[in-house]
Structure formats: C-alpha cells, structure tokens
Amino acid sequence: MASTGATTVTTKRSRTRRAGESAYGLMLLAKNAAVSLIALFLLAAGVWSSWSDARPAMLTKGLEQGVVTVSHCGDDWCTGSFAPARGGGEDHGRIRIDKAVTDGPGDRVAVALIPGADEGVRTGPAGVLHAWVPFGGSLLLAALLVAGGLRMRRTAWVIGLLGVALLGASFATLTF
C-alpha cells in the first residue's frame, strides 16, 4: 500500500482577522450579558410589582382579617362594608378592593386589611394567585427575551409555561 504523502499546510491568520474574531466574540458576549440583565430586570420588576399585594394576601398574621360585602363597583375598584373575622374589631367604614377579585355587588370576599389604608386584599388561593399576576406577565416577557436574544429555547419554553400556568391558575380560581 502506497502512501499518498499529502502534507497539511497551516497558514497563520492575519492579525486583523484575529482581532476581528475577538471583537465579534466580545460583541456576542456583551449582547448576551445585556439580554440576560434585561430579562432579570423584568423578572425583578414583576416580583416587586406583585409583592405589595402578595405580602398581605399570603402573610396575614398580624393583619386585621374579615369579610367585605361588596355594595358598589366602579371601573377598577369595588367598595363595601367590612365585618371583622373576630368580634370586637375596629369599624373601618367602607373598604375598597380590586374589582378583578369580586363578582360584583352582593359578593362576599375574605380580605386582609392593608395597615393604614382603607384597602383590603383578597386572601386565600384566589387572592394569592391574583396578587402574583404581574410576575406571571413578566415571566412571559422574559421568555421571549430568553428565546429570541439568548437562543435558549427550552429554557424559554419552561419560563413561558410557568407564566401561562400562573396566569391560568389565577383566572381559574377567580372565575370558578
């Protein structure tokens, strides 16, 4: 068997080409870092936005709890009389709650009062899930960034499906 004797010739890349390749890699790294930071910022903003309502809905210890009987609804808010869960509670007059967590006038909703305000937050599974709706939206937006900007499609599907599950669970508990 005869040997072909082929030799491989290695050519050195020019300094300009190596610098261009390094710059391209640096730009890709910068793009990935920027997209990652924006996605993390979106998620942090969703948690920050949700936490003001989620805290009293989830951590009700030390908060006055009771039932609001809805008597009037506007565009965004409903108002009603508050009956404390434990007898002898303070008289709060009219309490307002988010219209999305009620079925309208005549509905009785379990709430926890926000200290220092005439506002109540729905408690229970429906109230907790409704409080985390902004976070669910931020999960959906972050999924788009992860899929399009970072090219991490499987991770984006997981993030997006978590957002859809959170929004769907909130809708289901408030509707049924």
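Let's start with Glu119, which counts as buried because its relative accessibility is 16%, and the cut-off for buried is under 20%. Please keep in mind that what we have on screen is a predicted model.

So where is this residue? Glu119 sits in the loop between strand E4, residues 108-113, and strand E5. And which residues does Glu119 touch, once we leave aside its neighbours within four places in sequence? Its contacts are Trp77, Ile95, Arg96, Ala112, Leu113 and Ile114.

One name there deserves a second look, and that is Arg96. Glu119 and Arg96 form a salt bridge, with the closest N and O atoms 3.6 Å apart. Arg96 belongs to strand E3 while Glu119 is in the loop between E4 and E5, so this pair ties together parts that are 23 residues apart in sequence. How many salt bridges does the count come to? The answer is one. The two partners are covered to differing degrees: Arg96 is partly exposed because its relative accessibility is 30%, whereas Glu119, at 16%, is buried.

Now let's look at the sheet around that pair. Five strands make an open sheet, and if you follow the order you read E3-E2-E1-E4-E5, with antiparallel pairing. Which strands are at the edges? They are E3, residues 94-98, and E5, residues 120-122, each of which pairs on one side only. From one strand to the next, the twist averages 50 degrees. As a reminder for anyone new to sheets, strands pair through backbone hydrogen bonds, either parallel or antiparallel.

Let me walk you across, beginning at the E3 edge. E3 pairs with strand E2, residues 77-84, in the antiparallel sense over five bridges. If you want a place to put your finger, Trp77 stands opposite Asp98 in E3, and Cys78 has Ile97 in E3 as its bridge partner. You have met Trp77 already, since it is among the contacts of Glu119.

Next comes strand E1, residues 65-73, which pairs with E2 over seven bridges, again antiparallel. Here Gly66 stands opposite Pro84 in E2. The connection from E1 to E2 is a hairpin through three residues.

On we go to E4. E1 and E4 pair in the antiparallel sense over five bridges, and Val67 stands opposite Ala110 in E4.

That brings us to the other edge. E4 and E5 run antiparallel and are joined by three bridges; Val111, for one, has Arg122 in E5 as its bridge partner. These two strands form a hairpin with six residues between them, and in the turn you will find Gly116, whose phi is positive at about 80 degrees.

Let's leave the sheet and turn to the helices. Helix H2 covers residues 124-131, and within it Ala126, Gly127, Val128, His130 and Ala131 are buried. What do those buried residues pack against? Their neighbours are H1, E3, E5, helix H3 (133-148) and helix H4 (153-175). Notice that both edge strands of the sheet, E3 and E5, appear among those packing partners.

Moving into H3, have a look at Ser138, which is found in that helix. Is Ser138 buried or exposed? It is buried, with a relative accessible area of 6%. Setting aside the neighbours within four places in sequence, Ser138 is in contact with Leu42, Leu43 and Gly46. Between the C-alpha atoms of Ser138 and Met152, which are 14 residues apart along the chain, the separation is 17 Å.

The loop between H3 and H4 holds Arg151. Arg151 has a phi near 60 degrees, which is a positive value in a residue other than glycine. Its relative accessible area is 55%, so Arg151 is exposed.

Last stop, the outside of helix H1. That helix spans residues 15-58 and includes Tyr24. Together with Met27 and Leu28, Tyr24 makes a nonpolar surface patch of about 320 Å².

If you keep one picture from today, let it be the buried Glu119 and its salt bridge to Arg96, with the five-stranded open sheet in the order E3-E2-E1-E4-E5. Thanks for listening, everyone!

Key. Residues numbered from 1 in each chain as written. Predicted model: local features only at pLDDT ≥ 70, side-chain atom pairs only at ≥ 80, totals over all residues. Heavy atoms only, no water. Patch = residues over 30% accessible without salt bridge, like charges linked within 9 Å, V, L, I, M, F, W, Y side chains within 5 Å. Areas by Shrake-Rupley, 256 points an atom, 1.4 Å probe, with all protein chains shown as cover. Salt bridge = Lys/Arg side-chain N within 4 Å of Asp/Glu carboxyl O. Helix = DSSP H or I, 4+ residues; strand = E, 2+ residues; numbered from the N terminus. Pairing = 2+ DSSP bridges. Axes fitted to C-alpha atoms, helices over the stretch in contact; angles between N-to-C directions. Buried < 20%, exposed > 50% of the residue type's maximum accessible area, 1.4 Å probe, protein only. Contact = heavy atoms within 4.5 Å.
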